[in-house]
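Student: Please pick one part of this protein and go through it with me closely. After that, I'd like to see how the rest of the chain fits around it.

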Amino acid sequence: MKNMKMYEPSDKMITLIKDNYSVLQALGAFGINLGFGDKTVSETCEMNGVDTYTFLAVVNFTINDYANFEDDEQISVPTLLHYLKASHTYYLDFQLPFIRRELQESISENDPLGMLIMKIYNEYAQEIRRHMKYEEKTLFPYVESLLEGRPLNDYNVEMFSKHHDQTDKTLRELKLMIIKYLPADNLHNNQLTATLYDIYNNEEWLKQHAEVEDHIFTPAIKRLERLVRKDDVSRNISSMVFKGGQDNNEALSDREREVIIGVVQGLQNKEIADRLFISVNTVITHRRNIARKLQIHSPAGLTIYAIVNGLVDISSVKL
């Protein structure tokens, strides 16, 4: 049953653990060591260099399913990234091999059905490893590039969301095979029961891990993408020297240049409005002023103008 208490920075860390022993598994992933005495959550997090707000966001989410992170600007992406990386290490280097050893000890080498169960487990382990290695090689470096202000042009977190499928079907089949069909003597039965208990805990942990990625990490990365994109646009505008192309002395405003960038990147008026936090009518007004000032009335003409004048890199243009 869920413990519906929402934990706060002033709560004792030992109280949180006593109420919810499952949190123990997350402590190591955050880099929090045992031996914190009677310190509060905030004191323990500070002592271990962990962002308290993000730690409690994950804890309250996994304990009580509290999820309202779409516009939560206090979430620390570096803290989440460290948590997810460490969780992968724990799962791949300890949890998967540990359960495999338990299964081997619980199954007779002469039992063909037992060998089939081991085969199913190996397939499951490979599936999980492949999924996590994808994140480590693709998603995590992308997030690090965002944090450094240099996003990769050919990737975004939406690609991760589409790739991020639940990988629990094989595990479900494995559990049913053990419960329904695997014969065992008393000793092996006790071993299998203990192994099954670990498999169920493992399944719950993996589900929570995926949900943290979906409901906390992904929204945080989307916010980071918007911030980096906005900063990048601002840098382009502030650093460029306007090179002319106008017959009069009426220069483009910064906002008009931002609108041009959106147009040449293939955005519709509403998308430009959403990016710049202005109304669609304001975007339309800016486009009229741009056409009047530059005497350019087509997206293709604006594209050429933007490239020549350094507003955009040709690689970012939707042709």
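Tutor: Let's start with a word we'll need all the way through: a helix here is a DSSP run of H or I that is at least four residues long, and helices are numbered from the N terminus. Keep in mind, too, that this is a predicted model.

Our close-up is helix H13, residues 299-308. Just after it comes Gly 310, which has a positive phi, near 75 degrees. Inside the helix, the buried residues are Gly 301, Leu 302, Thr 303, Tyr 305 and Ala 306. What do they pack against? Two helices share that job: H10 and helix H12 (280-294).

Take the partner H10 and zoom in. Two packed helices are described by the angle between their axes and the distance between the axes. For H10 (residues 254-264) and H13, the angle is about 115 degrees and the axes are 9 Å apart. The crossing is left-handed. On the H10 side, Ile 260, Val 263 and Val 264 make the contact, and they meet Pro 299, Leu 302, Thr 303, Tyr 305 and Ala 306 of H13. Sort those residues by type and you get seven nonpolar, one polar and no charged. Compare that with the buried list and you'll spot some familiar names, including Leu 302 and Tyr 305.

Now walk back along the chain from H13. In the loop between H12 and H13 sits Gln 295. Its phi is positive, near 60 degrees, even though Gln 295 is not a glycine. Is Gln 295 buried or exposed? Gln 295 is exposed, because its relative accessible area is 52% and the exposed class starts over 50%. One loop further back, between helix H11 (269-276) and H12, you meet Phe 277. Phe 277 also has a positive phi, about 60 degrees, without being a glycine. At 62% relative accessibility, Phe 277 counts as exposed as well.

With that end in view, step back to the whole chain. It has 13 helices and zero strands, so reading the elements from the N terminus just gives you α over and over. Out of 319 residues, 44% are buried. The chain exposes about 17,600 Å², and carbon and sulfur atoms supply 51% of that. Long-range contacts matter for your picture too: among contacts between residues at least 6 apart in sequence, 69% join residues at least 24 apart.

Where do the buried nonpolar residues gather? The largest nonpolar core has 42 residues, and those with the most contacts inside it are Leu 16, Phe 55 and Phe 217. Several helices each give two or more residues to this core, among them H1 (13-19), H4 (52-64) and H9 (186-239). Apart from this core lies another one, of 24 residues, including Tyr 91, Tyr 121, Tyr 124 and Ile 128. Back in the largest core, look at Phe 55: leaving out neighbours within four places in sequence, its contacts include Met 13, Leu 16, Leu 27, Phe 30 and Cys 45.

A few single residues help you link the helices together. Ser 76 sits in the loop between H4 and H5. Ser 76 counts as buried because its relative accessible area is 17%, and the cut-off for buried is under 20%. Beyond its neighbours within four places, Ser 76 is in contact with Asp 51 and Thr 54. Glu 211, in helix H9, is partly exposed at 23% relative accessibility. With neighbours within four places set aside, Glu 211 is in contact with Phe 61 and Ile 216. Glu 211 also shows how the chain folds back: Val 58 is 153 residues away in sequence, yet their C-alpha atoms are 9.9 Å apart.

For a last example, find Ser 22 in the loop between H1 and H2. Ser 22 is partly exposed, at 47% relative accessibility. Its C-alpha atom is 9.3 Å from that of Asn 201, with their positions 179 residues apart along the chain.

Technical notes. Residues are numbered from 1 along each chain as its sequence is written. This is a predicted model: local features need pLDDT of at least 70, side-chain atom pairs count only at pLDDT 80 or more; totals for chains, interfaces and linings use all residues. Side-chain values use heavy atoms; hydrogens and water are left out. A nonpolar core is a set of buried Ala, Val, Leu, Ile, Met, Phe, Trp, Tyr and Cys residues joined through side-chain atoms within 4.5 Å. Buried means under 20% relative accessible area, exposed over 50%, partly exposed in between (1.4 Å probe, protein chains only). Contact means heavy atoms within 4.5 Å. Axes are lines fitted to C-alpha atoms, for helices over the stretch in contact, and angles run from 0 to 180 degrees between N-to-C directions. A crossing is left-handed if the near helix is turned anticlockwise from the far one by less than a right angle, and right-handed if clockwise. Ala, Val, Leu, Ile, Met, Phe, Trp, Tyr, Cys and Pro count as nonpolar, Asp, Glu, Lys and Arg as charged, and the others, Gly among them, as polar. Accessible areas come from the Shrake-Rupley method with a 1.4 Å probe; for residues, only the protein chains shown count as cover.
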